[in-house]
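The following exercises concern strand pairing, unusual backbone geometry and side-chain contacts. Each task is followed by a solution that goes step by step.

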Amino acid sequence: MFAIIETGGKQYRVEEGLELNVDLLKADAGNALSIDSVLLVDKDGDTKIGAPYVEGAKVECEVLGHLRGEKIVVFHKLSKKDARKTQGHRQDYTKIKVKSITA
């Protein structure tokens, strides 16, 4: 059984027991989290597709913690002006573990 959920403007394919990093959520580590924005649920070939979300479908997760991604360099250069600007960025993530999928 798997589902496709939407969180942080992105879509993820999840199964029970899967651990994944999603954009930062306002939840403390160790707490339970329920995601209602389920786009698709598939159970043994029986597929339910939402318009836009599947009614009554829910994905229960546990928040494992918060972390930050690798640093990337953002470099801006204006040609013919000798102007340069360098910035760094690290994205904040929340690590979650999928406990159950209900449809």
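Two strands pair if DSSP finds at least two bridges between them. Helices (H or I, at least four residues) and strands (E, at least two) are DSSP runs, numbered from the N terminus. By these criteria, S5 and S6 run antiparallel and are joined by 4 bridges.

The model is predicted: local features need pLDDT of at least 70, side-chain atom pairs count only at pLDDT 80 or more, and totals for chains, interfaces and linings use all residues. Residues are numbered from 1 along each chain as its sequence is written, and side-chain values use heavy atoms, with hydrogens and water left out.

**Exercise 1. Determine the strand order of the open sheet that contains S1, and identify its edges.**

Step 1. The order is S2-S1-S5-S6, and the pairing is antiparallel.

Step 2. Strand S2 (10-15) and S6 each have a single partner strand and stand at the edges, so one side of each is left without a neighbour in the sheet.

Step 3. On average, neighbouring strands of this sheet are turned by 15 degrees against each other, direction ignored. Here axes are lines fitted to C-alpha atoms, for helices over the stretch in contact, and angles run from 0 to 180 degrees between N-to-C directions.

Step 4. For the pairing of S5 with S6, one bridge can be named: Lys-43 has Asp-46 in S6 as its bridge partner.

**Exercise 2. Carry out the corresponding analysis for the open sheet that contains S10.**

Step 1. This sheet has 4 strands in the order S3-S10-S7-S4, with antiparallel pairing.

Step 2. Its edges are strand S3 (19-23) and strand S4 (32-35); each has a single partner strand, so one side of each lacks a neighbour in the sheet.

Step 3. The average turn between neighbouring strands of this sheet is 45 degrees, direction ignored.

Step 4. Strand S7 (residues 58-68) pairs with strand S10 (residues 92-102) in the antiparallel sense over 10 bridges. Within S10, Tyr-93 is the bridge partner of Leu-67.

**Exercise 3. Describe the hairpin formed by S8 and S9.**

Step 1. Strand S8 (residues 72-78) and strand S9 (residues 83-89) are antiparallel and share 7 bridges; Leu-78 is bridged to Ala-83 in S9.

Step 2. Between the two strands lie 4 residues, and Lys-80 in the turn has a positive phi of about 65 degrees.

Step 3. Asp-82, in the loop between S8 and S9, has a positive phi of about 55 degrees although it is not a glycine. Asp-82 is exposed, at 60% relative accessibility (buried means under 20% relative accessible area, exposed over 50%, partly exposed in between; 1.4 Å probe, protein chains only).

**Exercise 4. Which loops hold Asp-44 and Pro-52, and what is notable about the backbone there?**

Step 1. Asp-44 belongs to the loop between strand S5 (38-43) and S6. Its phi is positive, about 55 degrees, although the residue is not a glycine, and Asp-44 is exposed with a relative accessible area of 74%.

Step 2. Pro-52 is placed in the loop between strand S6 (46-49) and S7. The peptide bond from Ala-51 to Pro-52 is cis, with omega near 0 degrees.

**Exercise 5. Characterise the surroundings of Ile-5, Ser-37 and Ser-34.**

Step 1. Ile-5 lies in strand S1 (residues 2-7) and is buried at 0% relative accessibility. The C-alpha atoms of Ile-5 and Val-38 are 4.5 Å apart, although 33 residues separate them along the chain. Leaving aside neighbours within four places in sequence, the contacts of Ile-5 (heavy atoms within 4.5 Å) include Tyr-12, Ile-35, Ser-37 and Val-59.

Step 2. Ser-37 sits in the loop between S4 and S5 and is buried, at 16% relative accessibility. The Ser-37 side chain reaches the backbone oxygen of Glu-6 at 2.5 Å.

Step 3. Ser-34, in strand S4, is partly exposed at 34% relative accessibility. The side chains of Ser-34 and Glu-60 make a polar contact at 3.4 Å (a pair of N or O atoms within 3.5 Å; within protein, one must be able to donate a hydrogen and the other to accept it, and residues adjacent in sequence count only if both atoms are side-chain atoms).
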